[in-house]
Amino acid sequence: MATNPASALTSRRSAIFLKPTASLKTMFSSRSATMASAAPPQHQTPIPTLPEKLSAVIKYHEQTKHSFNKYARGPHGLDWANQPNPFRRYDTAPAISLLHFPPDKTTDDPPYPDPFLQFPASKPLDKGTLSQFFYDSLALSAWKTTGYSTWSLRVNPSSGNLHPTEGYIVSGPVSGISETAFVAHYAPKEHKLEVRAEIPLDLWAELSKGLPNNTFFVGLSSIFWREAWKYGERAFRYCNHDVGHAIGAVSIAAAVLGWDTRLIDDLGSEQLDILLGLAGQKEVAITERPVKGYMPEIEREHADCLLAVFPGKVSGRPQPELRIDHESLSSVISRFRGIEFKGRPNELSKEHVCWDIIYRTADAVKKPLTEIEPSIKVAPFPKGQFFSEESYKSFSIREVVRKRRSAVDMDGKHSIDRNTFYQILSKALPSGLNEESQGEQEQLPFRSLAWKSELHMVLFVHRVVGLQQGIYFLVRNSQHFDALRRATRSEFEWAKPEGCPPGLPLYGLAMGDCRQLATRLSCHQDIAGDGCFSLGMLAHFEPTLRNRHAWMYPRLFWEAGLLGQVLYLEAHAVGISATGIGCYFDDPVHAVLGLSGNEFQSLYHFTVGTGVLDKRIMSLPAYPGPELDS
């Protein structure tokens with residue numbers, strides 16, 4: 001994902017300013033969408049009445065914004081000698097090799113659209129299905145090499161290909177894996193499970209009480225240092241984008257096997273640490289400013305979330321609901337303190353930098369035990385999920401998830417047709433093509449989340465045949481519509497574009513060529529203007545944090561990463577490419593839309609188009625890979 005074009009830094013104290021003229025075509029033409037001499041919008045000072053933890057979150061968010069006159073703090077150069085090892089290992093833990101699968105299409109692989117229609121018959125949980133689950137979600141997808149450089153790629157994308165996300169499984173006995181319940185770390189380079197602990201069967205029975213047979217849990221954690229090594233203070237944002245991408249990868253791989261997924265979001269950070277064997281790690285001694293030195297505690301893992309993976313159907317019918325007693329679950333997890341966890345984590349770097357505000361913010365967003373959902377209702381798949389099924393190429397689901405790549409450049413020439421554009425957007429809706437309302441997370445993979453959608457899409461349309469160039473808006477939660485219209489520019493049209501399906505809440509705001517505008521907003525990166533379209537993900541921000549507390553902050557980025565994962569897969573499925581853009585000028589984006597304050601904030605940018613293949617880079621199979629860690 002494109003995130004850090006430091007060479008684009010400009011000293012001009014300016015913002016993109018849209019003149020409120022009668023001609024919106026003139027307003028957004030590439031020649032007139034200029035940087036005016038006006039200063040960029042001032043960062044909002046945290047309101048004194050904000051709770052302490054929420055104030056800390058707002059401070060982090062404001063401090064890590066990019067603007068035209070300065071970027072968020074980061075390293076002045078890359079310390080290649082201390083680049084973190086991208087592979088965490090627990091070397092002394094018993095390792096179990098998983099099965100490998102053909103990376104290309106086979107007769108057993110369903111075509112790409114199928115998992116989004118309904119769950120197939122649930123496959124049994126055994127070594128074969130569990131191997132396939134990890135192979136199509138968190139495994140390596142390829143190696144790349146050019147000259148003296150060789151590096152790995154994964155099924156789940158990551159900012160800068162740095163991969164701060166680690167995966168764990170907590171499961172009952174699995175045929176061919178373990179005769180008892182266990183906790184294991186997934187090692188993607190070797191495609192192995194490192195068994196960190198064995199769980200007594202009576203304890204597993206209590207942990208899985210109220211859940212269907214063959215349920216298991218997937219835990220995700222983050223090593224902030226892997227991203228901070230390159231991106232400095234903004235790394236906390238990117239780590240949480242990557243959690244969202246991983247949730248999406250896990251959810252779709254599970255769906256192919258007939259398994260559904262759901263965040264168990266009532267658990268607190270403390271319970272997750274205990275369950276995944278991460279409790280007892282040395283705490284980071286937070287400094288008053290960024291400090292460099294040997295600080296192995298910087299490599300600690302921060303538990304992010306736990307997903308239940310369970311059969312999507314019981315006796316051929318959709319799973320009605322999951323009943324979980326969260327107080328009881330917390331009590332059961334507390335007994336994991338008495339379990340011996342095996343393996344010592346490997347060292348990732350010889351020297352580190354402590355970006356202090358990352359760890360202050362991580363402390364502020366630690367989640368307590370809560371009871372959000374006494375029972376988890378499992379929504380049926382929404383109907384009418386395809387507007388233009390013929391837009392898809394004849395790829396299998398495995399071809400799409402394993403051959404997905406992050407484009408590093410767009411050709412600036414090729415276009416897509418309007419129906420393909422609408423089809424891609426229909427998959428970005430939380431509730432599917434629903435004429436009544438949006439917001440409920442029902443469509444795959446959004447159904448994994450435990451809250452209503454809080455993100456919308458601001459689209460810069462460049463090359464879509466049959467659709468005017470301009471700025472468009474996709475409303476992903478109908479309850480925010482009136483607030484969005486009040487908060488944005490009064491001259492925006494909010495008109496339904498031609499040919500738009502009734503269930504797609506897409507609105508044209510202003511028409512005209514906005515390629516140069518999109519490029520400038522995304523840290524002057526041409527890739528934002530050279531695709532078919534680019535976009536910013538706009539979160540319902542401070543009101544959500546006030547209602548749901550500071551711990552909702554990373555979850556907004558999870559939703560953004562999950563939405564990005566869908567865009568990646570959709571782009572590949574229709575024969576083009578995509579990439580996430582983490583580097584963009586935050587408040588100038590808001591100024592373009594007429595936004596002020598923190599009611600809505602841009603959290604992630606993306607671009608979709610025809611990628612340019614670098615013929616100097618050679619692809620190698622994911623397995624077996626080279627011996628080196630890179």
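In the predicted model, Glu301 sits in the loop that links β11 (291–293) to β12 (302–311). Its relative accessible area is 0%, so Glu301 is buried. Two tyrosines contact the side chain of Glu301. The side chain of Tyr168 makes a polar contact of 2.7 Å with that of Glu301. The side chain of Tyr90 makes another, at 2.9 Å. Both tyrosines also appear among the residues that Glu301 touches beyond four places in sequence. That list further holds Arg88, Glu166, Ser221, Ser222, Ile223, Leu278 and Gln281.

Tyr90 has a charged partner as well. The charged end of Arg196 sits over the Tyr90 ring, 4.0 Å from the ring centre. Tyr90 is thus described by a side-chain polar contact with Glu301 and by the charge of Arg196 over its ring. A further arginine is placed over a tyrosine ring elsewhere. Arg404 lies over the face of Tyr568, with 4.7 Å to the ring centre.

Aromatic pairs were counted next. A pair of aromatic rings is described by two values, the distance of the centres and the angle of the planes. The count comes to 31 aromatic pairs. One of them joins Phe133 and Phe134. Their ring centres are 5.2 Å apart and their planes stand at 70 degrees. Planes over 60 degrees apart count as edge-to-face, so this pair is edge-to-face. Phe133 is buried, because its relative accessibility is 0%. Phe134 also has a relative accessible area of 0%, so Phe134 is buried.

Phe473 and Trp494 form a tilted pair. The distance is 5.3 Å centre to centre, and the angle between the planes is 45 degrees. Phe473 belongs to strand β21 (residues 470–474). Trp494 lies in the loop between α12 (481–487) and β22 (506–511). The two residues are 21 residues apart in sequence, so their pair ties together separate parts of the chain. Burial was then examined for each partner. Phe473 counts as buried because its relative accessibility is 0%. Trp494 has a value of 8%; buried means under 20%, so Trp494 counts as buried.

Aromatic residues also group beyond pairs. One aromatic cluster is formed by Tyr60, Phe224, Phe236, Tyr359, Phe541, Tyr553 and Phe557.

Strand pairing was examined around β4. Strands β4 (residues 140–146) and β5 (residues 149–154) pair in the antiparallel sense, over 6 bridges. Ala142 stands opposite Leu153 of β5. The two strands form a hairpin, with 2 residues between them. Gly147 lies in the turn and has a positive phi of about 60 degrees. In a regular strand, side chains alternate between the two faces of the sheet.

Strand β4 also pairs with β26, again in the antiparallel sense, over 3 bridges. Here Thr145 stands opposite Met618 of β26. The result is an open sheet of 3 strands in the order β5-β4-β26, with antiparallel pairing. Strands β5 and β26 (618–620) are the edge strands, and each pairs on one side only. Neighbouring strands in this sheet are turned by 30 degrees against each other on average, direction ignored.

How values were computed:
Residues numbered from 1 in each chain as written. Predicted model: local features only at pLDDT ≥ 70, side-chain atom pairs only at ≥ 80, totals over all residues. Heavy atoms only, no water. Helix = DSSP H or I, 4+ residues; strand = E, 2+ residues; numbered from the N terminus. Buried < 20%, exposed > 50% of the residue type's maximum accessible area, 1.4 Å probe, protein only. Polar contact = N/O pair within 3.5 Å; in protein donor to acceptor, adjacent residues only side chain to side chain. Contact = heavy atoms within 4.5 Å. Phe/Tyr/Trp six-rings, centres within 6.5 Å; stacked < 30°, edge-to-face > 60°. Lys NZ or Arg CZ within 6 Å of the ring centre and 35° of its normal. Pairing = 2+ DSSP bridges. Axes fitted to C-alpha atoms, helices over the stretch in contact; angles between N-to-C directions.
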